[in-house]
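Welcome! Let's walk through this structure together with a few questions and answers.

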Amino acid sequence: MKTFEEKWTAWLDDQLTGKELEDFEASLPDKEAAEAEKRDATKLGALLKQELGAQPFSNEEFFNHQLRERIARENAQDRHGARSTWWTVPRLVWTGAVSLALFMICAVVVMREKTPSERSEYLTQILNMRVDPVVSPNATISVFETKGDRVTVIWTEGLQSLPSDYAAK
Amino acid sequence: MRTETTLAQADVSELDLVKRCQAGETEAFDELVTRYRTRIFAMIYNMVHNEQDAWDLAQDSFVKAWKSIKRFRGRSSFYTWIYRIVMNVTIDWLRKKQVKGAGVEFDDAIQLREVNPASKTLPKADPLPYERMERTEVRARIDNAITQLSPEHRAVILMKETEGMQYHEIAETLGCSIGTVMSRLFYARKKLQNLLKDVYENI
């Protein structure tokens, strides 16, 4: 839906056609005044075109010369800027890569040191001890220990009862 | 350097020049500048009414165009594309100047306040015989009248009346709808008819 302003502008510029033109012209309360304003608008357009259309432009060649120099300067600045950026970004990348590599090497070395041997992790020490031979004559207690991981597993067999004052020795 | 006339004779296609610019060839850009510098300078001058400012803004516009020429995809003509840059640069400059100087108020509101959209007739201005009016005076009157328009209204009326651009081209250049262009044209014409009636009546 066009506003009045849009229709009026289109009418002034002879852009309204067919039914749209008929409807718009029929809606004008004073057709003569509107036609007079249309003529005014045409005159205004002609005046603007005549007075503003041909603006003299002196020193045209100097304009191009100055522009070429500016563009050359801007290009040089851009190249310098790009070079600076190139130095910064690769340096950051290289620093990061070297740091990562060092970290990985350290991590691998440490992990290797901590890698358990293929032999059993524990059972480094087994202590078979009998508890009270009177109460549990066949009872045994085994202690499994891993030295590095600070883990101790106590395994008991044939234990009938555990004396209250029992303590593994 | 070649002149505009010889360039026209050379009939080098605009698209070809643009492609060469995109490849970084400054000589091709120089040719495009030569083709459009006069029209662009005139358009800016008519907006800002100062030769030095117009020169600087035209330079800024062309530098911007050079920097962004690789982004030109050819969806519109090069002329429309560079006009868009010119208008952005000039309207921004006018807005900043207005803020700095706190000068003449020009916005859409003032247009609406001063012009009755429904009015069909214009107030009769004081007659001023054209015979007594020097050409420079006419120009000064026009410049003064245009100064009272907002940057957007100036752009629309100048593109329409001096460049003969179509509504859709103006809309594309200013990045607004065709309806907005027509509406701005309506108010700009009303205002200028109001201010310049005695001038064009006597020509």
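Q: What distance should helix H4 (residues 51-68) of chain B span at 1.5 Å a residue?
A: This is a predicted model, and we can check one of its helices with simple arithmetic. Helix H4 of chain B has 18 residues, and the expected span is 1.5 Å times one less than that number. The end C-alpha atoms are 26 Å apart, which agrees with the expected span of 26 Å.

Q: Which residues of H4(B) are buried?
A: Here, a residue counts as buried if 20 or more other C-beta atoms lie within 10 Å of its own. In H4(B), the residues that pass this test are B:Ala54, B:Leu57, B:Ala58, B:Ser61, B:Phe62, B:Ala65 and B:Trp66.

Q: Leaving aside neighbours within four places in sequence, which residues is B:Val86 in contact with?
A: B:Val86 belongs to the largest nonpolar core, and along with B:Ile44 and B:Val156 it touches the most other members. One of the buried residues of H4(B) is B:Ser61. Beyond its sequence neighbours, B:Val86 is in contact with B:Ser61, B:Ile40, B:Met43 and B:Ile44.

Q: Which helix of chain B gives the most to the largest nonpolar core?
A: This core holds 60 residues. The helix that gives the most, with 12 residues, is H3 (residues 26-48).

Q: Which helix gives the most to the side of chain B that touches chain A?
A: The contact takes 38 residues from chain B and 35 residues from chain A. On the chain B side, H3, H4, H7, H8 and H10 each supply at least two residues. The helix giving the most, with 12 residues, is H10(B).

Notes: Residues numbered from 1 in each chain as written. Chains lettered and ligands numbered in written order. Predicted model: local features only at pLDDT ≥ 70, side-chain atom pairs only at ≥ 80, totals over all residues. Core = buried A, V, L, I, M, F, W, Y, C linked by C-beta atoms within 7 Å. Buried ≥ 20, exposed ≤ 12 C-beta atoms within 10 Å, placed from the backbone. Helix = DSSP H or I, 4+ residues; strand = E, 2+ residues; numbered from the N terminus. Contact = placed C-beta atoms within 7 Å.
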